[in-house]
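Student: Hey, got a minute to walk me through this one? I'm new to it and don't know where to look.

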Amino acid sequence: MKRVKTFTLILPLLFAILFQNCASFDKEFVNPNPLKTQNLHKIEGTYDIANIVFDSIKNKKIPYFNTHTNFFKEIDRKLIKDTLGLNNANDYKFELKILSQKKIKISYLKNGEIIRERDIKTKLKKDGFLYLSNKNLQFLGVPYIFGAFDIKKTRLTLSKNNNLIFDVSNTRSGAGLLIVFLTYKEWQYKREYKRISLDP
């Protein structure tokens, strides 16, 4: 009996590790404005909460994609229910601040007032992207028993116009009793968020 329980717990982790290594970003995407230690502060600023550009690389017809999904939903990582609803996206902005190469602060603003703040671990890599460690792996139920796992890798850089690029590789896979309803879906997409001028 104990062996069965142990198998039930270990199996989803093995599948998650396997697919996490497989999940990758769009290899054809060339970083338009590589970030380095010396210029990492350039990413700091205030941005519109709704994206101005949405680019889906894979599975464009999947309903999951919503060109108007806001930055709150992308970062919150609530797979069942979002924790923060927006009445009017025009009232909201978000602000990025570099705390170190390993951490950023995201401040959510409503009409210029901070309503929530989050610190997120990061890693600056040689490709010039700032990678986020933000609940990258999440479980829905018991994966491959009755449920699925969701892997969402995210990274940031700047566009040529110094807007924020949010690059995503998302994989979701699950099954019932290992064989029933076996599913595997992969998304790759980018969102661009407009930088707000702070000039008077």
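Student: Where is Asn162 in the chain?
Tutor: Asn162 sits in the loop between S8 and strand S9 (164-176). Keep in mind that this is a predicted model.

Student: What's the phi of Asn162 like?
Tutor: Phi of Asn162 is near 65°, which is positive in a residue other than glycine. Most residues other than glycine have a negative phi.

Student: And how exposed is Asn162?
Tutor: Asn162 has a relative accessible area of 29%, so it counts as partly exposed.

Student: Which other residue that isn't a glycine has a positive phi?
Tutor: Asn111, with a phi of about 50°. Asn111 lies in the loop between strand S4 (103-110) and S5. With a relative accessible area of 55%, Asn111 is exposed.

Student: OK, what does the hairpin of S4 and S5 look like?
Tutor: There are 2 residues between the strands, and Asn111 is where the positive phi near 50° turns up. S4 and S5 themselves pair in the antiparallel sense over 8 bridges. As an example of who faces whom, Lys103 stands opposite Lys121 in S5.

Student: How does S4 pair with strand S3?
Tutor: Strand S3 (residues 92-100) and S4 pair in the antiparallel sense, over 8 bridges. A hairpin through 2 residues joins S3 to S4. Lys97 has Lys105 as its bridge partner in S4.

Student: Switching topic: what lines the second largest pocket?
Tutor: Among the lining residues are Phe25, Lys121, Tyr131, Leu132, Asn136 and Lys153. Strand S5 (113-124), strand S6 (130-133) and strand S8 (146-158) each supply at least two residues of that lining. So Lys121, the residue opposite Lys103, turns up here as well, because its atoms come within the 4 Å used for lining residues.

Student: How big is that pocket, and how many of its lining residues are charged?
Tutor: The volume of the second largest pocket is about 190 Å³. Its lining has 4 charged residues, along with 4 polar and 3 nonpolar.

Student: Is Val168 buried or exposed?
Tutor: Val168 is buried, because its relative accessibility is 1% and the cut-off for buried is under 20%. Val168 is found in strand S9.

Student: What does Val168 touch?
Tutor: Leaving out residues up to four places away in sequence, Val168 touches Phe25, Lys152, Lys153, Thr154, Trp187, Gln188 and Tyr189. Phe25, Lys153 and Thr154 also help line the second largest pocket. As for Lys152, its C-alpha atom is 6.9 Å from that of Val168, with the two 16 residues apart along the chain.

Student: What about Phe72, buried or exposed?
Tutor: Phe72 is buried, since its relative accessibility is 0%. Phe72 lies in helix H2 (residues 71-76). The C-alpha atoms of Phe72 and Lys93 are 9.6 Å apart, and the two residues are 21 apart along the chain.

Student: Last thing: where is confidence lowest, and where is it highest?
Tutor: Lowest in helix H1 (residues 2-22), with a mean pLDDT of 47, and highest in strand S1 (residues 45-48), at 95. Over residues 1-11 the pLDDT is below 50, and that stretch has 4 contacts in the model beyond near neighbours in sequence. Residues 16-20 also stay under 50, and the model has 10 contacts for them beyond four places in sequence.

Student: How should I read a part with low pLDDT?
Tutor: Where pLDDT is low, don't read the predicted coordinates in detail. For the protein chain, the average is 76, and 64% of the residues score at least 70.

Note on methods:
Residues are numbered from 1 along each chain as its sequence is written. This is a predicted model: local features need pLDDT of at least 70, side-chain atom pairs count only at pLDDT 80 or more; totals for chains, interfaces and linings use all residues. Side-chain values use heavy atoms; hydrogens and water are left out. pLDDT is the predictor's confidence in each residue, from 0 to 100. Helices (H or I, at least four residues) and strands (E, at least two) are DSSP runs, numbered from the N terminus. Contact means heavy atoms within 4.5 Å. On a 1 Å grid over the protein atoms alone, a cavity is a set of points where a 1.4 Å probe fits but cannot get out, and a pocket is an open set with protein on both sides within 12 Å along at least five of seven lines; lining residues have an atom within 4 Å of a point. Grid points are joined across faces, edges and corners, and a volume is the space filled by probe spheres set on the points. Ala, Val, Leu, Ile, Met, Phe, Trp, Tyr, Cys and Pro count as nonpolar, Asp, Glu, Lys and Arg as charged, and the others, Gly among them, as polar. Buried means under 20% relative accessible area, exposed over 50%, partly exposed in between (1.4 Å probe, protein chains only). Two strands pair if DSSP finds at least two bridges between them.
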